[in-house]
Amino acid sequence: MSNDMYARAWDKTAKASSDGTPAAPFSYGGAGGQIATPTQGAAIVGAMLDDPTIAKLMADESVNDILVNGTRSIYVERAGKLERIHATIPSDAAVMKLADEIAAQTGKKINLSRPLLDTRLADGSRVNIIAPPLAVDGTTISIRKFSKKSITLDMMAQTGNISQQMADFLKVASACKLNMLISGGTGSGKTTLLNAISQFIDPDERVVTIEDAAELKLQQPHVIRLETRPYNGGAIEREEEVTMRDLVKNSLRMRPDRIIIGEVRGDEAFDLLQAMNTGHEGSFTTVHANHPRDALSRITNMVNMANLGVPVTAIRGQIASAINLIVQISRMRDGKRRVSFISEIVGMESDIITMQDLFVFKQTGENNVGEIQGHFEWTGIMPRFLRRAQYYNQGDQLSHVLGVKLTS
Ligand SMILES: Nc1ncnc2c1ncn2[C@@H]1O[C@H](COP(=O)(O)OP(=O)(O)OP(=O)(O)O)[C@@H](O)[C@H]1O
Ligand SMILES: [Mg+2]
């Protein structure tokens, strides 16, 4: 389809389904809108869409991600694995109509001059749409479905994502207000793990969460959710853009006990480190990296790219004093998600950040159906935060979890 044809088709579907006024029951998000808590189930949200295939996949609880590649194919992710389904969407116009309906549900627009959209459906599902000419082979829609059931650390231990000992260790770490970085590849379960760990935040604390698209589901009564307002070359003008960095700075004036950033990607890393170093203990974030060491270099690069003139050694020093634990999660070859490292940052040696692995997943082999075999283990290294654990009245619990007597 040529750009011209797309323009005409967009024009038609836009007239039919979103003439700029968002559909009433869903008009909670988007530019200038207010953020509501998720109220609609995925099945109901799916049923609002005209496409029967997508409606069915939205209702299917075993599906985590729905990936529509124009008219060519639809893939879903189930149990950590991608699979192609038989159905496709019959025409470019139908794909665009679907994109348009999703945009309209969230009070936003997608068309030739605004070909990129990041949004969140009424049930909390996260959606990215990219249209031609940017998506060369047709409008591509990626839906990360909101999972209704909250996955807890104990549930993760039962399903073998983590050992019970590691889960109990993370509960202590959260109660001791350690600053944690959750690191993992795309779709590895970082946000899910962050949610699970944050269940151990004291309900008396004031927590500010900052995200590009609000996904976190904190259960505590005193949570303030902030969401960025990106510049997308369309509805939002440059001067109206509100970035992660703006929100992190703003959050510092909101008397937060903890600050949780959904994912650090850019120069907000600098402000987060500052916040962690200036008394906002127990702050968490996620970062896209495949190993705890890579996570540290990614954060260093993010601060470096912000061009604030801070020398690399000073950035590393900031990181070493700000972050206490790195929790690495990996979606392994067999589709299963496993916490592969819990590493503690212990300081600096000349200009290198020193780290010790407290827990690791040791792979021993693979069974005949391709499942990875192995075990989680405590390396026997004593965590350095014992004094802090005692201060937060968690010393005995930490000894109990590790099964050793700890002395400071
Ligand atoms: N331990 C788990 N058990 C079962 N399903 C899980 C688990 N962790 C994550 N999932 C599912 O996998 C999908 C991806 O998880 P999540 O959003 O936490 O990953 P992510 O690493 O934050 O992804 P992204 O890189 O896109 O931000 C979600 O649909 C989630 O419900
Ligand atoms: Mg995530």
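**Exercise 1. Two helices**

At roughly what angle do the axes of helix α9 and helix α11 cross, and within what distance do they come?

*Solution.* Start with the ground rules. This is a predicted model, in which local features need pLDDT of at least 70, side-chain atom pairs count only at pLDDT 80 or more, and totals for chains, interfaces and linings use all residues. Residues are numbered from 1 along each chain as its sequence is written, while chains are lettered from A and ligands numbered from 1 in the order in which they are written.

Step 1. Locate the elements. α9 covers residues 268-277 and α11 covers residues 312-322. Helices (H or I, at least four residues) and strands (E, at least two) are DSSP runs, numbered from the N terminus.

Step 2. Read off the geometry. The two axes cross at roughly 50° and come within 9 Å. Axes are lines fitted to C-alpha atoms, for helices over the stretch in contact, and angles run from 0 to 180 degrees between N-to-C directions.

Step 3. Classify the angle. α9 and α11 are therefore oblique to each other. Angles under 35 degrees count as roughly parallel, over 145 as roughly antiparallel, 65 to 115 as roughly perpendicular and the rest as oblique.

Step 4. Assign the hand. The crossing of α9 and α11 is left-handed; that is, the near helix is turned anticlockwise from the far one by less than a right angle, whereas clockwise would be right-handed.

Step 5. Find the residues that meet. α9 supplies Leu273, Met276 and Asn277; α11 supplies Gln318, Ile319, Ser321 and Ala322. Contact means C-beta atoms, placed from the backbone, within 7 Å.

Step 6. Look at the other neighbours of α11. This helix lies across β13 (337-349) and β14 (352-366), at about 120° to β13.

**Exercise 2. The sheet of six strands**

Work out the strand order and find the edges.

*Solution.* Step 1. The order is β3-β2-β1-β6-β5-β4, in an open sheet with antiparallel pairing. Two strands pair if DSSP finds at least two bridges between them.

Step 2. β3 (81-84) and β4 (116-120) are the edge strands, each pairing on one side only. Neighbouring strands are turned by 15° against each other on average, direction ignored.

Step 3. Check individual pairs.
- β1 and β2 are antiparallel, with 6 bridges; Ile66 stands opposite Val76 in β2.
- β2 and β3 are antiparallel, with 4 bridges; Tyr75 faces Arg84 in β3.
- β4 and β5 (residues 126-130) are antiparallel, with 5 bridges; Leu117 is opposite Ile129 in β5.

Step 4. Add the helix. α4 (residues 92-105) packs on this sheet and touches β1 (63-69), β4, β5 and β6 (140-144). The direction of α4 makes about 135° with that of β5.

**Exercise 3. A glycine in a turn**

Is Gly70 buried or exposed?

*Solution.* Step 1. Place the residue. Gly70 sits in the loop between β1 and β2 (73-78). That hairpin has 3 residues between its strands, and Gly70 takes a positive phi near 55°.

Step 2. Count neighbours. Gly70 is buried because 22 other C-beta atoms lie within 10 Å. The cut-offs are 20 or more other C-beta atoms within 10 Å for buried, 12 or fewer for exposed, and partly exposed in between, with C-beta atoms placed from the backbone.

Step 3. List the contacts. Beyond four places in sequence, Gly70 contacts Asp92, Val95, Asp137, Gly138, Thr139 and Thr140.

Step 4. Compare a second hairpin. β2 and β3 have 2 residues between them, and Ala79 in that turn has a positive phi of about 45°.

**Exercise 4. The sheet of nine strands**

Repeat the analysis for the other sheet.

*Solution.* Step 1. The order is β9-β8-β10-β11-β7-β12-β13-β14-β15, in an open sheet with mixed pairing.

Step 2. The edges are β9 (223-227) and β15 (372-378), each pairing on one side only. Neighbours here are turned by 25° on average, direction ignored.

Step 3. Inspect one pair. β8 (residues 207-211) and β9 are parallel over 5 bridges. Ile210 stands opposite Leu226 in β9.

**Exercise 5. Cores**

Which residues have the most contacts inside the largest nonpolar core?

*Solution.* Step 1. They are Met166, Met180, Ile299, Val327 and Ile342, in a core of 65 residues. A nonpolar core is a set of buried Ala, Val, Leu, Ile, Met, Phe, Trp, Tyr and Cys residues joined through C-beta atoms within 7 Å.

Step 2. Take Ile342. Not counting residues up to four places away in sequence, Ile342 touches Met166, Phe169, Leu325, Val327, Leu358 and Phe359.

Step 3. Apart from this core lies another, of 26 residues, including Leu57, Ile74, Ala122 and Ala131.

Note on methods: Two residues are in contact if their C-beta atoms, placed from the backbone, lie within 7 Å.
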